[in-house]
Amino acid sequence: MGTFKAVVVTKGETGTTAALSTFDENDLMDGDVTVRVSHSTLNYKDGLALTGKAPVIRRFPMIPGIDFAGVVETSSHADFKPGDAVILNGWGTGETHLGAFAEKTRVKGDWLVPLPAGLSSAEAMAVGTAGYTAMLCVMALERHGIRPDRGPVVVTGAAGGVGSVATALLAKLGYHVIASTGRPQEASYLTALGAAEIIDRAELSGPAKPLAKERWAGGVDSVGSHTLANVLAMTRYGGAVAACGLAQGMDLPTTVAPFILRGVSLLGVDSVMAPKTLRLEAWSRLARDLDREKLATITSTIPLESVIEAGQAIIEGRIRGRVVVTID
Ligand code: NDP
């Protein structure tokens with residue numbers, strides 16, 4: 001037993017503070033698998049945890065970080081043995097259970113997924129929860145019968161993590177992707193990912209009418225609030241929108257008009273507690289359907305030492321695509 005390097009969030013009278021420090025292995029939480037973490041990643045939720053902007057952390061001190069890739073060090077779980085390469089997304093790590101911005105972590109083996117064949121640890125973290133959620137959204141649309149021949153699909157928050165991966169995935173699968181962004185300077189980035197059209201997010205961010213001109217058959221929305229209300233109001237008859245995020249807000253100021261007059265469906269997507277079968281399907285689809293060159297173009301890499309600063313940047317909407325955090 002010893003100590004290891006970790007980002008630790010503590011709570012004081014004036015709020016929370018995040019700092020790089022050393023953590024005692026004896027203070028790791030219960031679990032049947034101990035993992036040496038090689039890579040993590042930065043998601044919007046990690047930004048919320050690092051800055052304290054929203055109360056995603058439920059116990060203090062907390063090591064934030066909701067995703068990791070690493071190698072099993074010790075295990076009493078039947079499915080995992082020392083040396084196995086594994087990944088984890090969600091399950092409350094970085095919120096209720098000590099998380100990923102650390103050299104070491106101990107978790108329930110039931111939460112782990114083997115590193116998908118064909119993906120490196122760094123690539124799996126370039127995908128991360130944001131990318132795996134984008135895949136869950138695509139699968140939700142597919143289950144609802146929204147195929148490329150049904151018409152265009154809109155992706156909101158397109159230059160963000162979920163949006164970038166959703167754009168790349170949908171384009172590869174043959175959809176006509178309309179990317180909505182507030183960053184016109186990222187138009188060529190989005191076109192390179194496969195977006196067929198780019199729209200200014202200002203078109204969607206104000207109060208929505210109950211119904212508006214039909215523009216798309218489906219959508220992947222990581223923004224919520226007025227944006228999701230507008231996306232719904234502009235969805236074609238019988239279409240569907242997969243909703244996974246709240247970058248604009250948690251509210252949904254809409255009416256029932258899109259649902260009862262156009263038969264539009266709102267598909268809720270959660271990655272945190274998603275059952276293992278769905279996770280395994282999503283990861284095998286990602287290994288198959290996500291273009292590795294596009295994944296590389298959306299990815300930047302930072303060391304653990306920079307993750308606190310990057311957490312502030314993601315909350316301010318300054319991060320493009322996905323950020324891998326190298327730990328070892
Ligand atoms: P990012 O910060 O990488 O992307 C969010 C994007 O949303 C930004 O890049 C920006 O895109 C857009 N945006 C930001 N602020 C606003 C605003 N005020 N109005 C309109 N658009 C805005 O975050 P992630 O992609 O990691 O996560 C996106 C959302 O999805 C978050 O709310 C996150 O909590 C949620 N999420 C939910 C999951 C689930 O299980 N349901 C899992 C993963 C993420 P642009 O610059 O292109 O306009």
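Me: A helix here is a DSSP run of H or I that is at least four residues long, and helices are numbered from the N terminus. In this predicted model, which residue follows α1?
Reply: Helix α1 covers residues 44–51, which places its end at residue 51. The residue that follows α1 has a positive phi, near 75°, and this residue is Gly52.

Me: Is helix α1 mostly covered or mostly uncovered, and how many of its eight residues are buried?
Reply: A residue counts as buried if 20 or more other C-beta atoms lie within 10 Å of its own. Tyr44, Lys45, Asp46, Gly47, Ala49 and Leu50 are the buried residues of α1. Helix α1 is mostly covered, and the number of its eight residues that are buried is six.

Me: Which elements do the buried residues of α1 pack against?
Reply: The buried residues, among them Tyr44 and Leu50, pack against three strands and one helix, namely β1 (3–12), β2 (15–24), β3 (33–42) and α9 (307–315).
The contact with α9 can be followed residue by residue, since Tyr44, Asp46, Gly47, Leu48, Leu50 and Thr51 in α1 meet residues of α9. To restate the names asked for, the elements are β1, β2, β3 and α9.

Me: At what angle do α1 and α9 pack?
Reply: Two packed helices are described by the angle between their axes and the distance between the axes. For α1 and α9 the crossing is left-handed. The axes of α1 and α9 are 8 Å apart, and the angle is about 115°.

Me: Why are α2 and α3 described as they are, oblique or roughly parallel to each other?
Reply: The axes of α2 (residues 121–143) and α3 (residues 161–172) come within 8 Å and cross at roughly 50°, and this crossing is right-handed. Angles under 35 degrees count as roughly parallel and those from 65 to 115 as roughly perpendicular, so the word for α2 and α3 is oblique.

Me: How many nonpolar residues has the contact of α2 with α3?
Reply: The contact is made by residues including Val127, Ala130 and Met135 of α2 and Val162, Leu169 and Leu170 of α3. By class, this contact has no charged residues and three polar ones, and the number of nonpolar residues is eleven.

Me: How far apart do the C-alpha centres of domain 1 and domain 2 lie?
Reply: The domain assignment of the chain gives domain 1 as 3–115 + 296–326 and domain 2 as 129–268. Their contact takes eleven residues from domain 1 and twelve residues from domain 2. The distance between the C-alpha centres of domain 1 and domain 2 is 29 Å.

Note on methods. Residues numbered from 1 in each chain as written. Predicted model: local features only at pLDDT ≥ 70, side-chain atom pairs only at ≥ 80, totals over all residues. Axes fitted to C-alpha atoms, helices over the stretch in contact; angles between N-to-C directions. Helix = DSSP H or I, 4+ residues; strand = E, 2+ residues; numbered from the N terminus. Parallel < 35°, antiparallel > 145°, perpendicular 65-115°, else oblique. Left-handed = near helix turned anticlockwise from the far one by under 90°. Contact = placed C-beta atoms within 7 Å. Nonpolar A, V, L, I, M, F, W, Y, C, P; charged D, E, K, R; others polar. Domains from an automatic or database assignment. Buried ≥ 20, exposed ≤ 12 C-beta atoms within 10 Å, placed from the backbone.
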